[in-house]
Each structure stands twice: as C-alpha cells, then as structure tokens.
Amino acid sequence: MKSNNIPFSPPDITQAEIDAVVEVLKSGWITTGPKVAKFEKDIADYCGVDHAVAVSSNTAGQELVLKMLDLKSGDEAITTPYTYTATASSILHMGIKPKFVDVKKDSFLIDEEKLYDAITPKTKVISTVDFAGVPVDYDAIRDVLKAKGREDIALVSDSAHSFGATYKGKKVGGQFDFHVFSFHAVKNLTTAEGGAITYNSDSFHGKNDLYKKFKVSSLHGQTKDAMSKMKAGAWRYDIVTDGYKCNMTDIMAAIGIVQLKRFEGMLQKRKAVFDLYDDYLSSKEWALLPFKKDDKAETCYHLYPLRIKGFNEDMRNKLIEMMARAGIATNVHFIPLPMFTLYKNLGYSIKDYPNAYEQYANEITLPLYSKLSLDDARIVVTNLIKFAEQILSE
C-alpha cells in the first residue's frame with residue numbers, strides 16, 4: 001500500500017476555532033483577558049480540580065511552580081532522563097543540576113524503587129513525567145515518600161502528554177501537588193503554543209493565594225494585568241517579584257475553548273487509530289506494543305511508541321528512512337537527555353541509565369492524531385510491518 005504523504009502530527013483545527021480567533025481579533029482585546037479566564041475555568045472543570053492557570057507553555061508552567069517552591073542552590077530536584085529537555089532545563093534555570101532516576105526495565109516511566117534510593121535530606125521536589133499520554137503511578141510515588149518519611153517533598157507532574165488521560169477513574173490533573181500540561185501544536189488539545197498548571201489547594205507549604213502568585217509571576221511580577229491597567233485612571237501598579245513573561249493570550253485561549261468542546265470526540269478518533277495499530281501488530285512476535293489501559297490507568301492516546309524486539313539504533317533509523325521514502329513521517333520519543341551535548345557537558349552519561357537507553361534504541365513513534373483516517377492508518381502499519389520484517393530478515 002502506498003502513501004499520499006502522511007504527516008506525523010498536524011493540528012486538528014476546524015472552522016469553529018478559526019471563527020473564535022476572528023471574534024477575538026475583532027473584539028479590540030487580544031492579550032490576556034476574559035477568554036483566558038474562561039479557558040482556565042473550563043480546564044479546571046474538565047480535570048476536576050479547583051484551580052487552573054493558563055500560561056504560554058508547559059515549560060513556563062514548570063518554571064512558575066519551581067519559582068514558587070523557592071528552589072535554590074543546595075536543594076535537590078529529581079526527575080527522569082527519559083523526557084524532553086523542558087523537564088530538566090526548567091530545573092537548571094533554578095541553578096540546580098537535576099538528579100536523574102532511570103526508568104523501569106521495559107517501561108518509559110520512572111522507577112519507584114530507584115527513586116526511593118535517590119531521595120536525600122536535600123530533596124525538595126520530584127518532577128515525574130507522564131510519557132506518551134500514560135500517567136505514572138501517582139499513588140506509588142506517594143507511597144515512596146511515605147516510606148521514606150518525606151511527605152514534605154513537593155510532587156510535580158510534567159503532564160505535557162497526558163491531558164485527557166485517566167488515573168483511578170479520574171482525569172489527570174489533581175493527583176499530585178501540581179500538574180503542568182502542554183497545549184503545543186502537536187498535543188491532543190492545542191492552543192498553538194500554551195500550557196496550564198492545575199492543582200487543588202490554593203495554599204502550599206505555608207504559601208497562600210497561589211493562583212494570584214502564579215498570575216503575577218507570569219506577568220513580570222506586575223500586580224495588575226494589562227486589562228486592569230487599561231481602565232481609565234488605573235495606571236498605577238507595583239512589581240512584587242522577579243517574574244517571567246509567560247501569560248496566555250485571549251487568541252490562544254479562544255482556540256483552546258473550542259478544542260475542549262470537541263476534545264472527547266478527538267480522543268475517540270485517536271483511540272480508534274491506536275486500536276487499529278494494536279490489531280495489526282499484536283500477532284507480531286517482534287512488536288512490543290505501547291501501554292493502553294489497565295484497571296488503574298488509561299492513556300489519552302497521545303503517542304504510539306512502538307518498540308521492536310531485535311532492533312538496535314541503526315535498524316530503527318533505517319526503518320524511519322524507509323517509511324519516509326514511502327511518504328510516511330514517523331518520530332522517536334525520546335532521545336534520553338544524557339545523550340545530548342548540554343547534559344554530557346554537565347557530567348551525565350547514558351551508561352548510567354541503561355533502561356532509558358534500551359527503551360530509546362528500538363523505539364519508533366507512529367503517526368497518531370484525530371485527523372488521521374483509518375485508511376491512512378492501515379497504510380502506515382502495513383508499510384511498517386513490511387519494512388520491519390525486511391530489516392529483521394537481513
């Protein structure tokens with residue numbers, strides 16, 4: 001079966017999103033305003049949490065959380081090397097070198113047993129990563145802290161991939177102290193760029209009015225947003241912290257509001273593609289299928305990270321090239337952080353994270369998005385099977 005060029009992950013934008021953006025553009029107010037406030041409420045309602053703060057990116061959201069936690073030199077922050085750099089670079093921006101804990105054997109998720117051993121009296125925050133739409137076992141992480149006698153450690157979930165996933169029957173967003181989502185162009189729900197922090201208690205470790213603190217910190221530490229300042233005579237404001245500039249705009253929020261109305265239908269389309277791939281690949285002894293669901297959690301079908309038994313890096317890379325020649329775009333999620341120049345220069349070595357390397361070396365991510373037709377999905381998977389078996393037979 002031949003392809004008519006199947007992209008990896010284009011956004012699912014309809015006339016409804018376009019109309020919503022045009023409405024904002026015509027309104028006379030295009031930056032942070034009423035649309036952002038509505039989007040935050042919609043996110044909180046969807047995730048079943050008390051608070052949501054919309055920001056310009058997942059990275060910005062993580063940095064706002066870490067700033068609020070007052071991380072400083074000498075503190076320790078633990079995360080996983082199997083993630084995009086944003087998880088770790090936001091820690092580096094606090095002046096702290098992240099402590100990496102390897103993933104479990106044959107898993108993309110952090111190893112709870114190794115996490116237990118990694119915690120020290122200096123540990124202040126643990127940032128776990130929900131990979132491909134699959135939530136980590138949040139309760140298992142909390143059990144580690146309880147067993148260690150360190151329930152004071154802040155738990156932050158980099159949930160960039162997992163908006164719409166479920167854990168113990170509830171949408172991801174309120175299981176940890178803070179979850180941070182991404183609404184980047186390739187995510188299940190997009191605002192072009194963007195992200196959100198979700199949480200329940202507006203007080204944490206003696207800090208109160210977190211929503212206000214996050215909003216102020218997202219706008220240079222300024223006590224009034226632009227809409228408030230524009231009111232006649234309301235020009236005076238204060239700067240109360242060395243904040244960032246990472247507020248979400250009403251243009252972005254307008255897209256998100258419409259996306260959220262369509263979201264469950266979009267998830268079902270993703271699930272149908274995921275299921276089709278599983279149907280074709282489940283009989284292949286060499287195919288290591290990605291997690292879908294069990295009695296505890298269900299993915300939000302963000303990625304389809306297939307691993308191929310018997311493959312090494314070179315074989316995987318050859319498969320990607322063969323798929324590309326057939327007009328099918330695939331990807332790899334992720335190159336472990338210790339393999340990048342930045343992290344090598346900081347002293348990390350991939351040899352210290354063998355499970356992460358093994359997950360990466362034979363992984364190929366197939367196209368998975370709500371606009372992908374089942375006919376095109378069949379083209380993807382039949383070509384993949386043909387090329388993979390050709391390489392395995394060589």
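1. Buried means under 20% relative accessible area, exposed means over 50%, and partly exposed lies in between (1.4 Å probe, protein chains only). By that rule Cys-300 is buried, with a relative accessible area of 1%.

2. The model is predicted: local features need pLDDT of at least 70, side-chain atom pairs count only at pLDDT 80 or more, and totals for chains, interfaces and linings use all residues. Residues are numbered from 1 along each chain as its sequence is written, and side-chain values use heavy atoms, with hydrogens and water left out.

3. Cysteines. A disulfide is a covalent bond between the sulfur atoms of two cysteines. With a disulfide taken as a pair of cysteine sulfur atoms within 2.5 Å, the count is zero. Cys-300 is in no disulfide; its nearest cysteine sulfur belongs to Cys-47, 11 Å away. Why does Cys-246 have no bond to Cys-47? The sulfur of Cys-47 is the closest cysteine sulfur to that of Cys-246, but at 19 Å it is too far for a bond. Cys-246 is buried too, at 4% relative accessible area.

4. Aromatic pairs. Rings of Phe, Tyr and Trp (its six-membered ring) pair if their centres lie within 6.5 Å; planes under 30 degrees apart count as stacked, over 60 as edge-to-face and the rest as tilted. The whole structure has 25 aromatic pairs. In one of them, Tyr-343 and Tyr-348 have ring centres 6.1 Å apart and planes at 55°, so the pair is tilted. Tyr-343 is buried at 1% relative accessible area. Tyr-348 is buried at 9%.

5. Aromatic cluster. Six residues join in one aromatic cluster: Phe-39, Tyr-46, Phe-163, Phe-181, Phe-183 and Phe-263.

6. Charges over rings. The rule asks for NZ of Lys or CZ of Arg within 6 Å of the ring centre and within 35 degrees of the ring normal. Tyr-348 appears again here: the charged end of Lys-97 sits over its ring, 4.9 Å from the centre. Lys-148 lies over the face of Tyr-116, 4.1 Å from the ring centre.

7. Salt bridges. Side chains of opposite charge can pair when their charged atoms come close. The cut-off puts a side-chain nitrogen of Lys or Arg within 4 Å of a carboxyl oxygen of Asp or Glu. The structure holds 27 such bridges. One of them joins Lys-215 to Glu-40, with the closest N and O atoms 2.9 Å apart. This pair links distant parts of the chain, 175 residues apart: Lys-215 is in helix 7 (residues 210-217) and Glu-40 in helix 2 (residues 34-47). Helices (H or I, at least four residues) and strands (E, at least two) are DSSP runs, numbered from the N terminus. Lys-215 is partly exposed at 23% relative accessibility, while Glu-40 is buried at 5%.

8. A second bridge. Asp-152 meets Arg-150 at 2.8 Å, N to O. Asp-152 is partly exposed at 41%; Arg-150 is buried at 14%.

9. A network. Asp-275 and Lys-292 form a salt bridge of 3.0 Å, N to O. Asp-275 lies in helix 9 (residues 250-281), and Lys-292 in the loop between strand 10 (287-288) and strand 11 (297-298), 17 residues apart. Asp-275 is buried at 18% relative accessibility. Lys-292 is partly exposed at 24%. Salt bridges with shared partners join Lys-271, Asp-275, Asp-278 and Lys-292 into one network.
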